[in-house]
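The following exercises concern one protein chain. Each task is followed by a solution in steps.

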Amino acid sequence: MKPKKQNAWLPVTIVLGCLIAAIIVLIIVMVLVNRPHISASGKESTPADTEITETADTYVEGMQLDEFSTKSGQTVDAEEEDDNNPEAAMDNPDGFLLPESADRELTEDDLEGMTAQELNYAKNEIYARHGRVFQSSELNDYFSTKNWYEADEDFEDKDLSKLEAKNADFIAKYQKDNDLTYKPAK
């Protein structure tokens, strides 16, 4: 009598069935997690819209969540981080300490938390956008690292818009009022 052949495809069929079932469950979970939610106010939002309200000791890949929060507690995208982080903006060749200083009137909230050096650079950034060549070697060295800076020997203070002049004066007054004056190296 011949021994009965076992079906060699049975284990393969079982493994494939389990994989298909796992994929279906994963798809269902992803759909449920990413579906829009209706808040108590009736506003529809997705999980990406929700604000992070964890405590400061919550970590994501080794970083505290509050490192990505603005002064008002709203979260920011990684691309916006340089705009809200003066130290990162100083190191970024395309960065500005106060990117909107030519477009809108600055407030104390815009300057809050900046060091004396950052404030001085931010004030002079307004002039540097127009190509001012500075008497200070420190400022010339700093702005020469910026891709957007082009020295203009013909620059005069009157080349600033009224808003830019007002913002430069506002920063200088803020420095004086808060004892944050800084003298760059000659």
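**Exercise 1.** Does Ile171 count as buried or exposed, and at what relative accessibility?

*Solution.* The model is predicted, so local features need pLDDT of at least 70 and side-chain atom pairs count only at pLDDT 80 or more, while totals for chains, interfaces and linings use all residues. Residues are numbered from 1 along each chain as its sequence is written, and side-chain values use heavy atoms, with hydrogens and water left out.

Step 1. Buried means under 20% relative accessible area, exposed over 50%, and partly exposed in between, with a 1.4 Å probe and protein chains only.

Step 2. Ile171 has 0% relative accessibility and therefore counts as buried.

Step 3. Ile171 is found in helix α7; helices (H or I, at least four residues) and strands (E, at least two) are DSSP runs, numbered from the N terminus.

Step 4. Neighbours within four places in sequence are left aside; Ile171 is then in contact with Leu98, Leu106, Leu111, Leu119, Ala122, Lys123 and Ile126, where contact means heavy atoms within 4.5 Å.

Step 5. Thr107 is 64 residues from Ile171 in sequence, and the C-alpha to C-alpha distance is 9.1 Å.

**Exercise 2.** Describe the chain as a whole.

*Solution.* Step 1. The protein chain has 7 helices and 4 strands, in the order α-β-β-β-β-α-α-α-α-α-α from the N terminus on.

Step 2. Of its 186 residues, 24% are buried.

Step 3. Among contacts between residues at least 6 apart in sequence, 55% join residues at least 24 apart.

**Exercise 3.** How many aromatic pairs are there, and why is the pair of Phe96 and Trp148 stacked?

*Solution.* Step 1. Rings of Phe, Tyr and Trp (its six-membered ring) pair if their centres lie within 6.5 Å; planes under 30 degrees apart count as stacked, over 60 as edge-to-face and the rest as tilted.

Step 2. This rule yields 8 aromatic pairs.

Step 3. Phe96 and Trp148 have ring centres 4.4 Å apart and planes at 20°, so the pair is stacked.

Step 4. Because Phe96 lies in the loop between α3 (86-91) and α4 (108-111) and Trp148 in the loop between α6 (137-144) and α7, the pair ties together parts that are 52 residues apart in sequence. Phe96 counts as partly exposed, at 22%.

Step 5. The pair of Phe143 and Tyr149 is tilted, with 6.1 Å centre to centre and 40° between the planes. Phe143 is buried at 0%, and Tyr149 counts as buried at 13%.

Step 6. One aromatic cluster is formed by Phe96, Tyr121, Phe134, Tyr142, Phe143, Trp148, Tyr149 and Tyr182.

**Exercise 4.** Which residues lie closest to the centre of the second largest pocket?

*Solution.* Step 1. On a 1 Å grid over the protein atoms alone, a pocket is an open set of points where a 1.4 Å probe fits, with protein on both sides within 12 Å along at least five of seven lines; lining residues have an atom within 4 Å of a point.

Step 2. The second largest pocket holds about 400 Å³ of space, a volume being the space filled by probe spheres set on the points, which are joined across faces, edges and corners.

Step 3. The pocket has 17 lining residues, and Asn120, Asn124, Leu139, Pro184 and Lys186 are the closest to its centre.

Step 4. At least two residues of the lining come from each of α5 (116-128) and α7 (162-177).
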